[in-house]
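Q: Please take a close look at a single part of this structure. I am a first-year student, so explain the terms as you go.

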Amino acid sequence: MNDAGSPILKAAAWGVVGKAKAHESAELHVLGQATYTDDIPEVQGTLHAALGLSEKPHARIVSMDLAPVRASRGVVAVYTAQDIPGTNDCGPIIHDDPILADGLVQYVGQPMFVVVADTHDNARRAARLATLEYDELPAILTPQAAKAAQSYVLPPMQLKRGDWQAAFERAPHSVKGELYVGGQEQFYLEGQVAYAIPKENKGMLVQCSTQHPSEMQHVVAHALGVHSHNIVVECRRMGGGFGGKESQSALWAAAAAICASLLMRPVKLRADRDDDMLVTGKRHCFHYEYEVGYDANGKIVAAKVDMVTRAGYSADLSGPVATRAVCHFDNTYYLSDVEIRAACGKTNTQSNTAFRGFGGPQGAIAIEYVIDEIARNLGRDSLDIRRINFYGRDTDNVTPYGQVVVDNVIHELVAELEASSEYRARREAVARFNAASPVLKKGLALTPVKFGIAFNVTHLNQAGALVHVYVDGSIIVNHGGTEMGQGINTKVMQVVAHELGVDLSHVRATATDTSKVSNTSATAASTGADLNGKAAQDAARQIRERLAAYAVKLYGGDAKDVRFAGDTVFANGHEVAFPVLVQQAYLARVQLWSDGFYATPGLHWDPKTMSGHPFSYYAYGAAVSEVVVDTLTGEWKLERADALYDAGRSLNPAIDIGQVEGAFIQGMGWLTTEQLWWNEGGKLMTHAPSTYKIPGVSDCPEDFRVRLFDNGNVEDSIHRSKAVGEPPLLLPFSVFFAIRDAVSSVGGHKVNPPLNAPATSEEILKSIAAVEAAVGQAA
Ligand code: MTE
Ligand code: HPA
Ligand code: MOS
């Protein structure tokens with residue numbers, strides 16, 4: 001053996017964690033060989049289902065004539081709520097979500113019946129043929145209307161610290177206003193889909209595109225009136241979930257399973273895009289009323305916000321979403337005397353649900369809007385006002401909900417970005433440009449992010465994993481997390497490879513499967529890699545310890561000195577290839593597989609007082625965006641974006657940078673072009689990409705500089721990394737405020753442009769008109 005191939009040198013060069021490794025399925029994605037639920041070869045006799053949808057936002061169902069549906073070509077069966085063998089419910093927390101409407105419809109698009117046919121097309125055609133008679137009831141369509149009617153899906157919540165009123169009265173300055181921030185469709189590329197295959201003795205296998213296989217298992221079991229152990233839910237991967245498949249994959253899983261169980265035949269239910277958008281919930285839109293007092297330096301001394309969201313017809317996850325909004329209103333700012341209220345308006349629309357950020361973005365954007373106004377009122381750069389209000393290191397470091405911010409790096413992070421983006425020089429350049437340009441106006445903004453990591457429902461912060469080492473030295477890891485493109489499998493595989501000292505190519509991740517790891521939490525709240533990485537590490541470590549003990553038997557020495565690296569085991573001066581030791585250990589009857597478990601320590605939360613320690617740690621970030629706005633058409637372009645994100649000690653910088661880029665553009669879409677619009681009849685009219693505009697590749701800035709901020713997690717997270725899935729969605733606040741800055745230049749930065757999100761071209765023109773009118777009046 002020559003030196004370069006020596007195990008010691010190979011081990012020295014070896015490294016898996018922290019390396020920019022390609023996504024475990026990257027090649028399969030590109031080659032079209034990655035199996036999504038609809039690609040699974042169909043079992044002989046498979047039938048296809050489609051849903052019949054309500055045309056009314058709120059009505060009693062007088063009659064449903066389904067005879068024409070039954071008579072349609074290829075139809076095998078039609079089922080309504082009465083046919084459901086078990087419970088007609090797919091709600092995740094409060095059980096107010098019927099699978100099929102029972103006597104009452106509460107939004108346009110609500111499923112009323114399910115038709116099963118020989119083909120997908122025949123099922124869809126038949127679903128439109130029902131004759132439905134309704135007795136219409138008054139409908140509530142907006143959060144403001146819900147608030148006026150005191151129509152809520154759960155009691156409003158409130159978080160208070162200090163004495164807002166007294167502090168406000170003492171404050172020398174104040175701002176008061178309203179803001180509306182629209183919702184957002186998840187627009188996963190792969191729509192909702194479930195494929196249910198009956199098995200012997202009341203068994204059912206459900207292949208489902210879901211972030212939450214365990215919950216699908218429970219919902220299907222209840223709907224069929226069987227035990228959880230009868231149901232197996234499997235998901236190899238999703239073509240995106242973005243929160244939309246956290247709870248709302250349940251309807252599809254349950255409906256497919258109900259049909260399959262009644263017919264004892266495999267049934268697939270795959271939504272086409274329009275049905276998917278009409279049926280499922282989205283990001284919650286928010287309406288805010290704020291009153292904030294500040295001093296001459298721009299320091300906030302009293303803040304009050306009243307938020308109301310469009311929850312839709314049922315609770316779904318609106319409670320935890322609103323809670324996260326409340327706990328993110330502070331963003332990176334210390335608010336001494338504060339009152340935050342949030343209410344979940346019950347409306348006759350889709351039941352809104354999780355979407356990347358889960359209320360966090362909606363909470364934080366309100367305070368950013370306020371700070372932007374304070375800066376303009378004082379004639380100061382908004383970055384200076386932001387900085388004055390940042391959480392301190394040792395003082396002013398307690399959040400309104402009582403958690404001490406012990407890992408604050410926002411000062412350093414923003415300073416680094418301010419310098420690397422040349423913020424100050426570009427601020428001047430923008431001013432010069434605007435002075436010479438009557439129609440095109442530039443805008444610039446830097447916005448910070450602090451995002452709490454952990455489920456805000458404490459018990460959900462747990463995970464399990466199984467690691468199997470085979471006799472040839474190859475390794476399989478199965479964990480409770482689900483792959484939706486975010487790279488959780490790659491990260492968990494890296495952790496396992498690191499623990500056992502092998503190359504990543506020796507580790508494979510399997511589909512998520514409720515019969516392998518049970519009672520899993522949704523892959524959500526950005527905690528997937530944190531929780532499942534730790535659980536897999538725990539499993540792999542146990543196998544390593546057994547192998548180390550066995551190596552000591554063979555070679556002597558101390559188990560704690562046995563090293564696993566570069567596919568080699570180093571024990572007491574001996575070197576043995578990993579597969580060789582494994583082979584020997586097998587013959588010696590050493591257990592070569594293990595389970596692993598993790599529960600995040602130190603979390604607690606009291607929902608009554610809205611206080612405690614809900615988050616394990618915070619992830620930080622900031623971004624600078626520069627836009628140019630055409631003030632005649634309202635068109636705009638993001639010319640350059642610089643983002644700096646604190647992924648801790650990144651497990652995989654390639655994946656993390658991809659997550660930051662993706663979240664940035666997705667958040668930009670939310671705040672600019674993606675507009676949900678319901679007509680007066682309560683029908684969502686923007687239910688396809690023709691009318692609902694997600695960003696395209698041409699909307700990405702030509703100059704896009706994304707970097708990771710080097711910063712080990714102070715918490716003992718998996719290899720000191722930090723979560724990355726959701727927090728970067730808040731970075732494009734900078735795009736929204738850069739647009740507001742450009743609009744503001746029209747009035748010489750003298751008045752605050754009223755600007756709601758999404759800042760569509762139409763909204764931008766309205767804002768410009770309002771600024772011009774205000775300046776005209778003042779003149
Ligand atoms: N990235 C891709 N490509 N696709 C997705 O669906 N979902 C986001 C984020 N990044 C998503 C994604 C959301 S909403 C969450 S909560 C996290 O990934 C979940 O995965 P993680 O916890 O493993 O980061
Ligand atoms: N994020 C996502 N899903 C959740 C959360 C959260 O914070 N809490 C409960 N379910
Ligand atoms: Mo993500 S919204 O927590 O699925």
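What span should the 13 residues of helix 15 have, and how far apart are its end C-alpha atoms?

A: This is a predicted model, in which local features need pLDDT of at least 70 and side-chain atom pairs count only at pLDDT 80 or more, while totals for chains, interfaces and linings use all residues. Residues are numbered from 1 along each chain as its sequence is written, chains are lettered from A and ligands numbered from 1 in the order in which they are written, and side-chain values use heavy atoms, without hydrogens and water.

Helix 15 covers residues 488-500. Helices here are DSSP runs of H or I with at least four residues, and strands are runs of E with at least two, numbered from the N terminus. The expected span of a helix is 1.5 Å times one less than its number of residues. For helix 15 that gives 18 Å, and the end C-alpha atoms are 19 Å apart, which agrees.

Next comes burial. A residue is buried under 20% relative accessible area, exposed over 50% and partly exposed in between, using a 1.4 Å probe and protein chains only. In helix 15, 12 of the 13 residues are buried, so the helix is largely enclosed by the rest of the structure. Among them are Ile488, Asn489 and Thr490, and the buried residues also include Lys491, Gln494, Glu499 and Leu500. In general, an α-helix has 3.6 residues a turn, so residues three or four places apart point the same way.

Just after helix 15 comes Gly501, with a positive phi of about 70°.
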